[in-house]
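Please look over the structure below before reading on; the paragraphs that follow move from a pair of strands to the arrangement they belong to, and then to the confidence of the model.

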Amino acid sequence: MTVESTAPRKPRRSAGTTGTKSTAGKRATARKSPGTEPELVQLLTPEGERVQNAGTAAYDKYVADITPDELRGLYRDMVLTRRFDAEATSLQRQGELGLWASLLGQEAAQIGSGRALRDDDYVFPTYREHGVAWCRGVDPTNLLGMFRGVNNGGWDPNGNNFHLYTIVIGSQTLHATGYAMGVAKDGADSAVIAYFGDGASSQGDVAEAFTFSAVYNAPVVFFCQNNQWAISEPTERQTRVPLYQRAQGFGFPGVRVDGNDVLASLAVTRWALERARNGEGPTLVEAYTYRMGAHTTSDDPTKYRADEEREAWEAKDPILRLRRFLEASNHADEGFFAELEAESEALGRRVREAVRAMPDPDHFAIFEHAYADGHALVDEERAQFAAYQASFADAEGGN
Ligand SMILES: Cc1ncc(C[n+]2csc(CCOP(=O)(O)OP(=O)(O)O)c2C)c(N)n1
Ligand SMILES: [Mg+2]
């Protein structure tokens with residue numbers, strides 16, 4: 001059964017985003033939400049064909065003037081992000097990282113939304129937003145320090161308007177909402193975007209962020225990557241309605257976009273950011289995608305999901321579909337793909353070398369950053385830790 005998309009609603013001030021149905025007959029098929037399977041916005045089919053019809057018109061205009069050069073740029077972003085991610089997974093397997101959370105399969109959702117942002121916008125990511133970090137200009141090697149256990153973050157959030165990775169599920173939606181309320185009070189026309197997952201949608205923090213952002217009309221985009229799984233819990237254990245429909249109950253629009261379609265992800269995010277800038281408040285974007293790999297390198301998805309599900313999503317690969325489109329429209333030649341392959345290799349080498357060269361941290365540094373002026377309890381813990389460390393020296397001395 002087909003239901004109409006609830007978004008986009010007719011905005012109060014900007015022209016052209018009148019209510020529409022999204023693309024008919026292009027529904028994701030691998031996993032159905034309970035009840036009905038809603039339509040999703042798609043501008044590029046898995047076969048790499050451009051979708052343009054009455055249903056897509058409202059979003060089409062946000063990518064109407066995209067150049068071949070920009071399309072190649074999106075492709076390059078996705079390829080290099082995937083390469084970086086594969087390298088990080090290998091480095092974990094080699095013992096160079098303690099853990100890695102792969103974004104494999106989610107490149108289009110992240111690059112499309114990431115490239116929709118302006119420099120002055122502010123991003124609040126989860127721990128999996130390596131593609132968004134790439135778009136913000138955060139050096140990929142900086143993402144690895146925390147996963148190697150040599151620092152607690154790895155970059156200055158204000159350097160690229162990209163907050164530190166957040167592990168406490170959903171909490172960053174509240175940070176984003178508060179930040180967006182501040183942006184509005186400053187009278188700035190920047191927007192804020194909060195990334196979170198399908199599992200995070202069950203957190204109280206996310207419901208509170210939705211409530212606050214709605215009543216304060218905060219310029220924030222809630223970008224939910226529904227990758228179908230929260231570790232071993234499938235999305236149907238999080239919700240009885242399609243996630244994007246949640247927004248309606250809070251009083252703002254929600255839309256489901258094909259998260260494996262970089263063009264649609266770009267267009268829909270631009271639309272949502274425009275709403276924020278125009279003072280129209282929050283928007284929920286549900287990017288319907290799939291986590292192709294394990295939750296993290298500590299997880300084994302063969303224990304809880306079938307191979308056929310992954311295979312069905314492989315056919316919708318975000319990178320392959322843009323490549324097909326670029327080739328069919330003669331926007332990229334063999335030389336481009338060969339050069340990109342060489343660039344990927346070089347990135348892989350650079351990442352490997354950078355990780356191995358990371359200095360071990362000063363074990364006591366963590367005690368210095370909890371309070372500006374120190375604290376008796378922290379002093380006690382520092383002393384306990386010092387004694388613990390010294391106990392190893394004793395053991396070694398005794399041998
Ligand atoms: C508040 C909180 N509860 C539980 C966890 C443990 N945890 C880590 S990741 C995760 C699943 C998150 O799933 P989802 O939001 O769908 O994001 P995804 O990992 O799929 O990108 C959980 C429960 C946590 N980090 N924080
Ligand atoms: Mg998930």
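**Strands, sheet and confidence**

In this predicted model, Arg256 has Glu286 as its bridge partner, the latter residue lying in β7. This pair belongs to the contact between β6 and strand β7, residues 283–288, where the two strands run parallel and are joined by 5 bridges.

To place these two strands in their setting, one may turn to the open sheet of 5 strands, whose order is β1-β2-β3-β7-β6 and whose pairing is parallel. Because β1 and β6 (254–258) stand at the edges and each has a single partner strand, one side of each is left without a neighbour in the sheet. With direction ignored, neighbouring strands of this sheet are turned against each other by 20 degrees on average. As general background, the strands of a sheet pair through backbone hydrogen bonds, and they may do so either parallel or antiparallel.

At the other end of the order given above, strand β1, which spans residues 122–124, pairs with β2 in the parallel sense over 3 bridges, and within this pairing Tyr122 finds its bridge partner in Val192 of β2. Val192 also has a bridge partner in β3, namely Val220, and the pairing to which that bridge belongs, between β2 and strand β3 (residues 220–226), is parallel and comprises 6 bridges. Between β2 and β3 the chain passes through helix α8, residues 204–215, and the β-α-β crossover formed in this way is right-handed.

How much of strand β2 is buried? The strand covers residues 192–197 and is mostly covered, with 6 of its 6 residues buried. Val192, Ala194 and Phe196 point one way from β2, whereas Ile193, Tyr195 and Gly197 point the other way, and the residues of both groups are buried.

Helix α3, made up of residues 107–114, is likewise mostly covered, since 8 of its 8 residues count as buried. The buried residues in α3 include Glu107, Gln110 and Ser113, together with Ala108, Ala109, Ile111, Gly112 and Gly114.

How far the model can be relied upon along the chain is a separate matter. The mean pLDDT of the chain is 90, and 89% of its residues reach 70 or more. Over residues 1–37, however, the pLDDT is below 50, although this stretch has 84 contacts in the model beyond near neighbours in sequence.

Notes. Residues numbered from 1 in each chain as written. Chains lettered and ligands numbered in written order. Predicted model: local features only at pLDDT ≥ 70, side-chain atom pairs only at ≥ 80, totals over all residues. pLDDT = per-residue confidence, 0-100. Contact = placed C-beta atoms within 7 Å. Buried ≥ 20, exposed ≤ 12 C-beta atoms within 10 Å, placed from the backbone. Helix = DSSP H or I, 4+ residues; strand = E, 2+ residues; numbered from the N terminus. Pairing = 2+ DSSP bridges. Right-handed = clockwise from strand over helix to strand, strands pointing away. Axes fitted to C-alpha atoms, helices over the stretch in contact; angles between N-to-C directions.
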